[in-house]
Amino acid sequence: MTKSYVVGVDIGGTNTVFGIVDARGTIVATNSLKTQEYGDNAEKFVDHLADKISLLIEENNLRDSVRSVGIGAPNGNYYTGTIDFATNMAWKKSLPIVTMLSERLNLPTILTNDAKAAAIGEMTYGVAKGLKDFIMITLGTGVGSGIVVNEKVLYGTDSLAGELGHFIVRRNGRKCGCGRNGCLETYCSASGIVRSAHEFLDARTEPSLLRSIDRDKLTSKDIYEAASRGDAIAIDIFNFTGKILGETLADFVTFSSPEAFVLFGGLAAAGDLLMNPVKEAFQTNLLKVYNPPKLLFSSLPAADSAVLGAAAIAWEAKSEK
């Protein structure tokens with residue numbers, strides 16, 4: 001029997017990465033292109049993406065073995081196959097990428113948003129394998145999420161269910177890019193923790209390693225490194241961030257009672273600096289009728305996780321054909 005493969009495509013505002021993946025989650029070949037280089041010319045971007053995917057398939061002699069394509073993208077709509085007005089994309093329109101790419105490649109193609117793809121990837125290849133109910137939380141530049149209920153990703157009526165990054169954690173709090181105030185993303189993302197640093201540095205007068213860094217160049221990594229060296233303000237920033245995240249995870253339990261939360265992204269890599277206050281706030285605020293969900297970390301390699309997540313949904317496209 002011929003071994004089967006799929007193509008996973010991760011579309012980001014800066015780069016698009018794609019790879020050929022087997023059923024065990026082994027990436028056999030990858031390539032990429034610069035999303036930004038195409039500006040608002042979405043058609044040219046899709047043409048070049050299709051050409052590069054075809055070339056990768058041919059170079060690996062897999063023309064008859066690749067079965068389908070999965071795409072993870074910001075604002076990717078599972079139902080319509082469109083990327084809808086993604087704020088970090090240069091094209092400001094609804095792009096019917098599933099139709100465009102499937103026509104160019106002559107392969108079944110499926111799309112979802114990047115955080116939901118991460119959840120499916122974790123369920124297929126990672127630490128959530130075997131879990132029926134869990135919530136994936138991605139802590140990157142923003143906060144993304146994918147909710148899995150009874151082994152199925154929750155999409156809702158419009159494919160937009162589970163945007164937990166825009167769950168309001170502080171009424172009339174920080175302004176969010178979505179237009180509302182106080183969203184989780186404004187506090188517990190990499191950009192959110194930098195905003196906290198600015199507020200802490202303005203409100204306090206004691207010395208800090210963070211004061212030697214250009215305010216406009218301060219990053220979440222800088223805050224982590226300062227906290228690791230015992231900087232009191234940096235440690236308090238992590239305590240503040242972890243408390244908000246822990247409180248919010250406890251609230252999330254009430255609507256789907258998951259077996260676990262799976263955390264992924266650069267901020268999650270802060271380890272105990274973040275997780276100790278998360279666990280304390282989570283345990284304090286969890287409604288006692290619930291069995292405490294596990295707090296797990298993604299087991300997928302950071303460099304491969306997005307492609308594996310997109311590849312995982314491609315098997316679903318194959319099964320539907």
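What span should the twelve residues of helix 3 (residues 114-125) have at 1.5 Å a residue, and how far apart are its end C-alpha atoms? The expected span is 16 Å, and the end C-alpha atoms are 16 Å apart, which agrees. The expected value is 1.5 Å times one less than the number of residues.

This is a predicted model: local features need pLDDT of at least 70, side-chain atom pairs count only at pLDDT 80 or more, and totals for chains, interfaces and linings use all residues. Residues are numbered from 1 along each chain as its sequence is written, and side-chain values use heavy atoms, without hydrogens and water.

**Helix 3**
- Ten of the twelve residues in helix 3 are buried (under 20% relative accessible area, with exposed over 50% and partly exposed in between; 1.4 Å probe, protein chains only).
- Among them are A115, I120, M123 and Y125.
- At the start of helix 3, a side-chain oxygen of N113 lies within 3.3 Å of the backbone nitrogen of A115.

**Helices 1 and 2**
- The axes of helix 1 (residues 42-59) and helix 2 (residues 97-105) come within 10 Å and cross at roughly 40°.
- That makes helix 1 oblique to helix 2 (not under 35 degrees, over 145 or 65 to 115).
- Residues of helix 1 including F45, L49 and I53 take part in the meeting with helix 2, where M100 and L101 are among the partners (contact means heavy atoms within 4.5 Å).

**Positive phi**
- S159 is not a glycine, yet has a positive phi of about 75°.
- S159 counts as buried, at 2% relative accessibility.
- S257, also not a glycine, has a positive phi of about 45°.
- S257 is partly exposed, with a relative accessible area of 38%.

Key
Helices (H or I, at least four residues) and strands (E, at least two) are DSSP runs, numbered from the N terminus. A polar contact is a pair of N or O atoms within 3.5 Å; within protein, one must be able to donate a hydrogen and the other to accept it, and residues adjacent in sequence count only if both atoms are side-chain atoms. Axes are lines fitted to C-alpha atoms, for helices over the stretch in contact, and angles run from 0 to 180 degrees between N-to-C directions.
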